[in-house]
Amino acid sequence: MHRLSALTFHRSQQIVMSTQNECQHPEDEAALPQQPSRRRFLQSAAAAATVGAAPHLRAQTQTPAAPPAPSNQAAPPRPVTLTINGRAYTLQLEPRVTLLDALREYAGLMGTKKGCDRGQCGACTVLADGRRINSCLTLAVMHEGENITTVEGLATNDALSPMQRAFIEHDAFQCGYCTPGQLCSATALLNEFRNGAASTVTADVRARPAQLSDDEIRERMSGNLCRCGAYANIVAAVRAVHDGGSQSGSAAVEGAPGAIGAPGAIGNGRGDELRNGHTNHRTA
Ligand code: FES
Ligand code: FES
């Protein structure tokens, strides 16, 4: 019995010591610096993770560098040689100058008109190697080496072109502002048609000879607007030239009997408007 009591006491002391080791208070760990604890390990790991992530966090919070501001400085002018109406013009142009501005502001050819300056009205139409283009939509430097024709270049040796004469005969303009573009466009139109170019209203592109109907003329002239509404007479003028109904060039020389500008001639006094693109009441 005495021996049994001693064994029971020894066993209970073991249990108490074991429980004390498992439930040791954390502050007691501080007293044992040599013994690495779980808490210290977690603290060290968290600190290491924070230090490792710091550059990444800073990169994320930094505002991205602003792109360099565009320079307001224009490229310097350089000599550009344009062949306009058979004559070479060497102009000092910035690369961003449009062909329209080069013609009007640098070459002094005010016949070509600026309407919308956005490619919508056709007032600025000129010919580049015979092809009609909106000169407000193209840069002058792109046309070095090409033959540019403006309204001033349609007449030859003081004789209006057949299209210019037909515009007068058919009263195809009123204020005249759109007329230089209409004339250049109509001139190119007939060349395109003769070369077999089809339009969106051509019913049969293989039919020969091709028929230039009024619908064809309207469609092919649809890029040239006329605020005065002279469309019906413009179509009539184009048709007349196509059908060969316009007067011959020799009869159109000013001063000749029956010629444009001569007393009693059709469209008397209006020849200059179509030759230079200038109307009596509007200079540019
Ligand atoms: S000014 Fe060029 S299309 Fe109108
Ligand atoms: S004649 Fe005036 S805009 Fe065409």
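Two residues are in contact if their C-beta atoms, placed from the backbone, lie within 7 Å. With that in hand, here is a way into the fold: among contacts in the chain between residues at least 6 apart in sequence, 59% join residues at least 24 apart. Please keep in mind throughout that this is a predicted model.

**View 1. The whole chain, with its 9 helices and 5 strands.** Starting at the N terminus, you can follow the elements in the order α-α-α-β-β-α-β-β-β-α-α-α-α-α. The chain has 284 residues, and buried residues make up 31% of them.

**View 2. The open sheet, built from 5 strands in the order 2-1-5-3-4.** The pairing in this sheet is mixed. At its edges are strand 2 (87-93) and strand 4 (131-134), each of which pairs on one side only. Ignoring direction, neighbouring strands are turned by 40° against each other on average.

**View 3. The hairpin of strand 1 and strand 2.** How many bridges join strand 1 to strand 2? There are 7, and the two strands run antiparallel. One pair to look for is Pro-79 and its bridge partner in strand 2, Gln-92. Between the two strands of the hairpin there are 2 residues, and in this turn Asn-85 has a positive phi of about 55°. Helix 4 lies across strand 1 and strand 2, and runs at about 100° to strand 2.

**View 4. Strand 3 beside strand 5 (residues 147-149).** These strands run antiparallel and are joined by 2 bridges. Here you can find Ala-128 standing opposite Ile-148 in strand 5. Helix 6 also comes into this view: it packs on the sheet, where it touches strand 3 and strand 4. The direction of helix 6 makes about 40° with that of strand 3.

**View 5. The largest nonpolar core, with 43 residues.** The residues with the most contacts inside this core are Ala-102, Leu-103, Phe-167, Leu-183, Ala-237 and Val-238. Six elements are worth tracing here, since each supplies at least two residues of the core: strand 1 (78-84), helix 4 (99-106), strand 3 (125-128), helix 5 (162-169), helix 6 (179-194) and helix 8 (231-242). Which helix gives the most to this core? Helix 6 does, with 6 residues. The core also draws at least three residues from each of domain 1 (75-153) and domain 2 (155-279). As general background, nonpolar side chains tend to be buried together in soluble globular proteins.

**View 6. Helix 8 and its packing partners.** Why does the span of helix 8 agree with its number of residues? At 1.5 Å a residue, its 12 residues should span 16 Å, and the end C-alpha atoms are 17 Å apart, which agrees. The buried residues of this helix are Ile-234, Ala-237, Val-238, Ala-240, Val-241 and His-242. They pack against helix 5, helix 6 and helix 7 (214-220). Pick out Ala-237 for a closer look: leaving aside neighbours within four places in sequence, Ala-237 is in contact with Ala-166, Phe-167, His-170 and Ala-172. After helix 8 comes Gly-244, with a positive phi near 80°.

**View 7. Arg-96, in the loop between strand 2 and helix 4.** Is Arg-96 buried or exposed? Arg-96 counts as exposed because it has 11 C-beta neighbours inside 10 Å, and the cut-off for exposed is 12 or fewer. Not counting residues up to four places away in sequence, Arg-96 touches Ala-74 and Leu-139. Pro-77 is 19 residues from Arg-96 in sequence, and their C-alpha atoms are 9.5 Å apart in space.

**View 8. Asp-129 and Asp-171, two loop residues.** Asp-129 lies in the loop between strand 3 and strand 4, and has a positive phi of about 50° although it is not a glycine. With 12 C-beta neighbours inside 10 Å, Asp-129 counts as exposed. Asp-171 sits in the loop between helix 5 and helix 6. Asp-171 is not a glycine either, and its phi is positive, about 50°. With 16 C-beta neighbours inside 10 Å, Asp-171 counts as partly exposed.

**View 9. The cis peptide bond between Arg-208 and Pro-209.** Omega for this bond is about 0°. To find the place, look in the loop between helix 6 and helix 7, where Pro-209 is found.

Definitions and conventions. Residues are numbered from 1 along each chain as its sequence is written. Chains are lettered from A and ligands numbered from 1 in the order in which they are written. This is a predicted model: local features need pLDDT of at least 70, side-chain atom pairs count only at pLDDT 80 or more; totals for chains, interfaces and linings use all residues. A nonpolar core is a set of buried Ala, Val, Leu, Ile, Met, Phe, Trp, Tyr and Cys residues joined through C-beta atoms within 7 Å. A residue is buried if 20 or more other C-beta atoms lie within 10 Å of its own, exposed if 12 or fewer, and partly exposed in between; C-beta atoms are placed from the backbone. Helices (H or I, at least four residues) and strands (E, at least two) are DSSP runs, numbered from the N terminus. Domain bounds come from an automatic or database domain assignment. Two strands pair if DSSP finds at least two bridges between them. Axes are lines fitted to C-alpha atoms, for helices over the stretch in contact, and angles run from 0 to 180 degrees between N-to-C directions. The expected span of a helix is 1.5 Å times one less than its number of residues.
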